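Hi,

Here is the structure I promised to pass on. Have a look at it first, and then read on for what turned up when I went through it.

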Amino acid sequence: KIGKSLDLSSIKIAEGLILPKSISSYLNLKSLTSAKGLVLPEIIGTLDLRSLESAEGLKLPERIGGYLYFDSLTSSEGLKLPKHVEGYLDLSRLTSAKGLILPESIGDGLYLNSLISIEGLVLPKKIGKSLYLASLTSAEGLVLPKSVGGYLALTNLTSAEGLVLPEYIGGDLYLNGLTSAKDLVLPQNVGGSWVYLYNLSTVEGLIIPDPLNYTIEMNGFLITPENVDEYRKNKSK
């Protein structure tokens with residue numbers, strides 16, 4: 001047992017490595033490129049496997065008490081994730097969700113920045129903080145959680161068709177790539193106070209909640225709680 005952290009950040013091969021059964025804080029294996037021969041502790045706080053190129057043969061505990069880094073994985077083949085990740089889960093280079101089974105709950109953020117298709121994607125029912133899906137161009141078939149505790153980044157979406165946003169977003173909402181507001185229903189609550197629609201050239205089809213409790217920035221002007229009634233009046237004309 002190690003009560004806090006174990007730094008093995010220079011190790012590239014796990015063959016012959018015998019780890020403790022419990023590491024309460026941080027296990028740093030950030031240079032490991034293969035899971036061959038790796039037997040992980042039953043209890044881990046944060047686990048750093050950011051250079052791992054394949055998950056083949058990797059057995060993870062059912063719960064990670066902190067963050068889980070998989071920054072270099074481009075495929076989920078062989079990856080069996082824990083049921084619960086208390087910190088954030090970084091799968092930022094994963095390009096496909098095929099075969100991916102995500103944890104039931106993630107206490108912090110979920111990074112899926114490079115995902116280009118939602119085929120096979122089932123998101124957790126609860127994400128404690130932010131959700132990054134920055135490379136998706138289509139929301140068709142995308143089922144988002146009812147609540148996202150932090151930011152929601154869908155910066156590359158070009159159309160709102162099929163997009164059902166969470167009822168509550170704790171941070172800001174990024175929809176920078178949208179060029180049309182058709183089918184776009186904005187959430188009732190955005191705790192971060194801002195919705196970004198930088199490239200929206202027309203407000204036609206945009207449905208804004210009443211009352212509005214955040215600011216919408218779009219194409220050089222702002223819709224705020226103070227001027228939203230004027231906006232609605234002008235729109236009706």
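Is Ser9 buried or exposed? Ser9 is buried, because its relative accessible area is 18% and the cut-off for buried is under 20%. Before going further, please keep in mind that this is a predicted model.

**The overall picture**

The chain has 237 residues, and 46% of them count as buried. Its secondary structure consists of one helix and 19 strands. Taken along the principal axes, the C-alpha atoms fill a box of roughly 75 × 30 × 25 Å. About 11900 Å² of the chain is exposed, with carbon and sulfur atoms supplying 49% of that area. If you look at contacts with a separation of 6 or more, residues 24 or more positions apart account for 5% of them.

**Around Ser9, Lys12 and Ser31**

Back to the serine from the opening question. Ser9 sits in the loop between S1 and S2, where its side chain makes a polar contact with the side chain of Asp7 at 2.8 Å. Leaving aside neighbours within four places in sequence, Ser9 is in contact with Asn28, Lys30 and Ser31.

The last of these partners, Ser31, belongs to the loop between S2 and strand S3 (43-48). Its side chain reaches the backbone oxygen of Ser9 at 2.5 Å. Not counting residues up to four places away in sequence, Ser31 touches Ser9, Ser10, Ile11, Lys12 and Ser51.

Lys12 is found in the loop between strand S1 (6-7) and strand S2 (22-28). Lys12 is exposed, because its relative accessible area is 57% and the cut-off for exposed is over 50%. Residues up to four places away in sequence aside, Lys12 touches Ser31, Leu32 and Thr33. The C-alpha atoms of Lys12 and Lys30 are separated by 8.4 Å, and these two residues are 18 apart along the chain.

**The aromatic residues**

How many aromatic pairs does a search of the whole structure find? The search finds nine. In one of them, the ring centres of Tyr67 and Tyr69 are 6.4 Å apart and the planes meet at 90°, so this pair is edge-to-face. Tyr67 is partly exposed at 31% relative accessibility, whereas Tyr69 is buried at 12%.

Tyr111 and Tyr132 make another pair: their ring centres are 4.7 Å apart and their planes are at 5°, so the pair is stacked. Tyr111 lies in strand S9 (residues 110-111) and Tyr132 in strand S11 (residues 131-132), so the pair ties together parts that are 21 residues apart in sequence. At 22% relative accessibility, Tyr111 counts as partly exposed.

Tyr67, Tyr69, Tyr111 and Tyr132 are among the members of one aromatic cluster, which also includes Tyr88. There is a charged neighbour to look for here as well: Arg50 lies over the face of Tyr69, at 4.8 Å from the ring centre.

**The nonpolar core**

The largest nonpolar core holds 72 residues, and of these Phe70 and Leu133 touch the most other members. S2, S3, strand S18 (215-218) and helix H1 (228-236) each supply at least two residues of this core. If you would like to see what surrounds Leu133, its contacts are Leu112, Leu115, Leu121, Leu123, Leu142, Leu144, Ala153 and Leu154, not counting residues up to four places away in sequence.

**Backbone oddities**

Most residues other than glycine have a negative phi, and most peptide bonds are trans. Three places in the chain are worth a look with that in mind.

- Asp183 is not a glycine, yet its phi is positive, at about 70°. Asp183 is in the loop between strand S15 (173-174) and strand S16 (189-190), and it is partly exposed at 43% relative accessible area.
- Ser193 also has a positive phi without being a glycine, at about 80°. Ser193 is in the loop between S16 and S17, and its relative accessible area of 34% makes it partly exposed.
- Asp210 and Pro211 are joined by a cis peptide bond, with omega about 5°. Pro211 lies in the loop between strand S17 (194-196) and S18.

Happy browsing, and best wishes

Notes: Residues numbered from 1 in each chain as written. Heavy atoms only, no water. Helix = DSSP H or I, 4+ residues; strand = E, 2+ residues; numbered from the N terminus. Buried < 20%, exposed > 50% of the residue type's maximum accessible area, 1.4 Å probe, protein only. Contact = heavy atoms within 4.5 Å. Polar contact = N/O pair within 3.5 Å; in protein donor to acceptor, adjacent residues only side chain to side chain. Phe/Tyr/Trp six-rings, centres within 6.5 Å; stacked < 30°, edge-to-face > 60°. Lys NZ or Arg CZ within 6 Å of the ring centre and 35° of its normal. Core = buried A, V, L, I, M, F, W, Y, C linked by side-chain atoms within 4.5 Å. Areas by Shrake-Rupley, 256 points an atom, 1.4 Å probe, with all protein chains shown as cover.
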